[in-house]
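Hello,

Here is the structure I promised to pass on. Please open it first, then read my notes underneath.

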Amino acid sequence: MAIEFQGVTKRYPDGTVAVDDLSLTVEDGTITVFVGPSGCGKTTSLRMINRMVEPTGGKVLLDGKDVCDSDPALLRRGIGYVIQHAGLFPHRTVLDNVATVPLLTGWDKAKARKRAAELLETVGLPASMGKRYPAQLSGGQQQRVGVARALAADSPVLLMDEPFSAVDPIVREELQDELLRLQTQLGKTIVFVTHDIDEAVRLGDKVAVMRVGGKLAQYGTPSDVLRHPVDDFVASFVGKDRGYRGLSFLSANGVEVKDVAKIEIGSTVAGSEIWRIAVNADGQPRGWLPPNSTVDGELAESDLVAGGSLYVQGTPIRGALDAALSSPASLGVVVDDDHKVIGVVTARQVLDVIEGTPQSVDS
Ligand SMILES: Nc1ncnc2c1ncn2[C@@H]1O[C@H](COP(=O)(O)OP(=O)(O)OP(=O)(O)O)[C@@H](O)[C@H]1O
């Protein structure tokens, strides 16, 4: 279900223009992230979708229909909404929190609770946690309950306002991974608000960078925004290490994969002055044999130096650089989808491609 902002403006009664002439389309089944500094109008924009805030100009269309023509209560019930600190009802059990919307829409208690228990499992919590109260859960678990409660609306649209901001960075990454995993199954139209550009580029199919005064500065794929910021504001907002972040989106197709000396575990090997990669019978890497190693009889895993990370051909170039930098031989091992060794790349080769060929951006 697509969401369309058509010249939407919100001027609060005190004269503050929170959102100024916003036009963009959130495509069906994608995650769009509104990102920008504090006060730039992200939350106001989000809340105009479910009519928690009414626009003072322009229109928000949901599936082609002006949201202002829908009954606000019904509209809100039909749109999943997750906020910071999860916003759970403290005096209701976790299960009843998740069952809130099904109960409101007239499901009987048993059916609503059964559905709630399933949803807890969907978001990675044991159904047995349903008996606890929110205060008896960690911050990350509470956020998962918040997501489960929003999914209970069973709506194609999910609005998420800084849902993961209150948890520590590790839990936050777990929650982000979980959301991406869920999204591959659910294919919802998700609008996600954050002030964190890393979170935005990690989660978003599209990223809308907003600036104070409620103006849209740039709307595009994460790759667009990182690699081709439209102005100084966006460039400074996406940050000085954006080059490295941008690697996640750059294809490594321009890097020439070189041959590497391969030896099979269990074979008898002669001496050599170069690094050789040891492979198993399926051609998959097991480790490196350093130059001038002496092998007593057949090559065994114990003769080897552990390898670095592997680069699966066709994935973003960041993995190729990681493979080269983590390799004891300074040669990044390139493998195919079955993890068979294809060859190697050096960090220098990867850097040359990054510095020299912006045309290999894959978006
Ligand atoms: N009810 C209100 N009345 C007057 N001004 C408001 C109201 N709500 C928000 N604003 C103002 O509108 C602007 C945008 O606020 P909004 O909450 O949408 O920003 P935001 O980008 O979500 O910020 P943050 O990241 O800090 O939550 C701010 O200047 C804010 O002070």
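His339 counts as partly exposed because it has 13 to 19 neighbours by the rule used here. The actual count is 15 C-beta neighbours inside 10 Å. In full: a residue is buried if 20 or more other C-beta atoms, placed from the backbone, lie within 10 Å of its own, exposed if 12 or fewer, and partly exposed in between. His339 lies in the loop between strand S15 (332-335) and strand S16 (341-345). Helices (H or I, at least four residues) and strands (E, at least two) are DSSP runs, numbered from the N terminus. Phi of His339 is near 65°, a positive value in a residue other than glycine.

Asp63 is another such case. Its phi is positive too, near 55°, and Asp63 is not a glycine. The residue sits in the loop between S4 and S5. Asp63 counts as partly exposed because 13 C-beta neighbours fall inside 10 Å.

Some ground rules. This is a predicted model: local features need pLDDT of at least 70, side-chain atom pairs count only at pLDDT 80 or more, and totals for chains, interfaces and linings use all residues. Residues are numbered from 1 along each chain as its sequence is written.

Now the confidence. pLDDT is the predictor's confidence in each residue, from 0 to 100. The chain averages 87, and 93% of the residues score at least 70. Among the elements, strand S1 (residues 3-11) has the highest mean pLDDT, 97, and helix H11 (residues 242-246) the lowest, 57. Take care with residues 357-363, where pLDDT stays under 50. For that stretch the model has 17 contacts beyond four places in sequence. A contact means that two C-beta atoms, placed from the backbone, lie within 7 Å. The complex gets an ipTM of 0.94 and a pTM of 0.69 from the predictor.

Next, the overall build. The chain has 13 helices and 16 strands. Of its 363 residues, 40% are buried. Of the contacts with a separation of 6 or more, 61% join residues 24 or more positions apart.

Then the sheets. Two strands pair if DSSP finds at least two bridges between them. One open sheet has four strands in the order S2-S1-S4-S5, paired antiparallel. Strand S2 (17-26) and strand S5 (65-66) stand at the edges with a single partner each, so one side of each has no neighbour in the sheet. Two bridges join strand S4 (residues 57-62) to S5. Leu61 stands opposite Asp66 in S5.

Another open sheet has six strands in the order S6-S7-S8-S3-S9-S10, with mixed pairing. Strand S6 (80-83) and strand S10 (215-220) are its edge strands, each pairing on one side only. The twist averages 15° from one strand to the next. Angles run from 0 to 180 degrees between N-to-C directions, with axes fitted to C-alpha atoms, for helices over the stretch in contact. Strand S3 (residues 31-35) and strand S8 (residues 189-194) pair in the parallel sense over five bridges. There, Val33 stands opposite Phe192. Helix H6 (residues 139-151) packs on this sheet, touching S6 and strand S7 (157-161), and its direction makes about 165° with that of S6.

Last, the ligand. Which residues come nearest? Of the 13 around the ligand, they are Tyr12, Ala18, Ser38, Thr43 and Thr44. Here, near means a C-beta atom, placed from the backbone, within 6 Å. Helix H1 (residues 42-47) gives the most to this shell, with three residues.

Best wishes
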